[in-house]
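User: Hey, I've got a protein on my screen and I'd like to get a feel for it. Can we go through it bit by bit?

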Amino acid sequence: MAARVYLDARIIVSGGERSGCNEARTMADWLVARGIQGERIIIEPEAWDTLGNAKFVARILKRAGIAHVFLVTERFH
């Protein structure tokens, strides 16, 4: 898991409400259950699609002054 290799990295999870659960919150909970510190995780809970994921996360990155990222995704996107 990349989060265990890059120990100083912040982690952004992105995704809105689907089938009664929030995708970003579900991903954050999954990471915490596997030992990743919750303080490292930034939750973007509004995106409804891949474009929204990119758009909303780009805003977070810009506000935080983050210029380099390591992107983890899946084939679906």
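User: Let's start with tryptophan 48: does it count as buried or exposed?

Analyst: Keep in mind that this is a predicted model. Tryptophan 48 counts as exposed, because its relative accessibility is 52% and the cut-off for exposed is over 50%.

User: And where does tryptophan 48 lie?

Analyst: Tryptophan 48 is in the loop between β4, which covers 41–44, and α3.

User: How far is tryptophan 48 from glutamate 17 in space?

Analyst: Their C-alpha atoms are separated by 7.6 Å, though the two residues are 31 apart along the chain. Glutamate 17 itself lies in strand β2, and at 39% relative accessibility glutamate 17 counts as partly exposed.

User: What about tryptophan 48 and alanine 64, how far apart are those?

Analyst: That pair is 16 residues apart in sequence, and the C-alpha to C-alpha distance is 22 Å.

User: OK, new topic. How many salt bridges are there in the whole structure?

Analyst: A search of the whole structure turns up 2 salt bridges.

User: Which side chain does glutamate 23 meet in a salt bridge?

Analyst: Glutamate 23 pairs with arginine 18, at 3.9 Å from N to O. Glutamate 23 is partly exposed, since its relative accessibility is 34%. Arginine 18 is also listed as partly exposed, with a relative accessible area of 34%.

User: And which residue does aspartate 29 pair with?

Analyst: Aspartate 29 meets arginine 25, with an N to O distance of 3.3 Å.

User: Why are aspartate 29 and arginine 25 separated by about one helical turn?

Analyst: Because they are 4 residues apart in helix α2, and that puts about one helical turn between them. As for their surroundings, aspartate 29 is partly exposed at 41% relative accessibility, and arginine 25 is partly exposed with a relative accessible area of 42%.

User: Switching again: what's the volume of the largest pocket?

Analyst: The largest pocket has a volume of about 1,400 Å³. It is lined by 36 residues, and the closest to its centre are Ile12, Val13, Leu71, Val72 and Thr73.

User: Which element gives the largest share of that lining?

Analyst: That would be α3, which supplies 5 residues of the lining. The elements that each supply at least two lining residues include α1 (2–5), β1 (11–14), α2 (23–33) and α3 (50–64).

User: How many of the lining residues are nonpolar, polar or charged?

Analyst: The lining of the largest pocket has 22 nonpolar, 8 polar and 6 charged residues.

User: You mentioned Ile12. Where does isoleucine 12 lie?

Analyst: Isoleucine 12 lies in strand β1. With a relative accessibility of 26%, isoleucine 12 counts as partly exposed.

User: How far apart are isoleucine 12 and methionine 27?

Analyst: In sequence they are 15 residues apart, and in space their C-alpha atoms are 9.6 Å apart.

User: And valine 72, where is that?

Analyst: Valine 72 sits in the segment after α3. Valine 72 counts as exposed, because its relative accessibility is 61%.

User: Which residues make the nonpolar surface patch of about 460 Å²?

Analyst: Val5, Tyr6, Phe70 and Val72 make that patch. Val72 has therefore come up twice: it is among the residues closest to the pocket centre, and it belongs to the surface patch too.

User: Anything about the backbone? What is phi of serine 19 near?

Analyst: Phi of serine 19 is near 50°, which is a positive value in a residue other than glycine. Serine 19 is in the loop between β2 (17–18) and β3 (21–22), and serine 19 is exposed, with a relative accessible area of 82%.

User: Last one: where is cysteine 21, and how far is cysteine 21 from asparagine 53?

Analyst: Cysteine 21 is placed in strand β3. Cysteine 21 and asparagine 53 are 32 residues apart in sequence and 16 Å apart in space, C-alpha to C-alpha. Cysteine 21 is partly exposed, as its relative accessible area is 35%.

Definitions and conventions:
Residues are numbered from 1 along each chain as its sequence is written. This is a predicted model: local features need pLDDT of at least 70, side-chain atom pairs count only at pLDDT 80 or more; totals for chains, interfaces and linings use all residues. Side-chain values use heavy atoms; hydrogens and water are left out. On a 1 Å grid over the protein atoms alone, a cavity is a set of points where a 1.4 Å probe fits but cannot get out, and a pocket is an open set with protein on both sides within 12 Å along at least five of seven lines; lining residues have an atom within 4 Å of a point. Grid points are joined across faces, edges and corners, and a volume is the space filled by probe spheres set on the points. Ala, Val, Leu, Ile, Met, Phe, Trp, Tyr, Cys and Pro count as nonpolar, Asp, Glu, Lys and Arg as charged, and the others, Gly among them, as polar. Patches are made of residues with over 30% relative accessible area and no salt bridge: like charges are joined within 9 Å, nonpolar side chains (Val, Leu, Ile, Met, Phe, Trp, Tyr) within 5 Å. Accessible areas come from the Shrake-Rupley method with a 1.4 Å probe; for residues, only the protein chains shown count as cover. A salt bridge is a side-chain nitrogen of Lys or Arg within 4 Å of a carboxyl oxygen of Asp or Glu. Buried means under 20% relative accessible area, exposed over 50%, partly exposed in between (1.4 Å probe, protein chains only).
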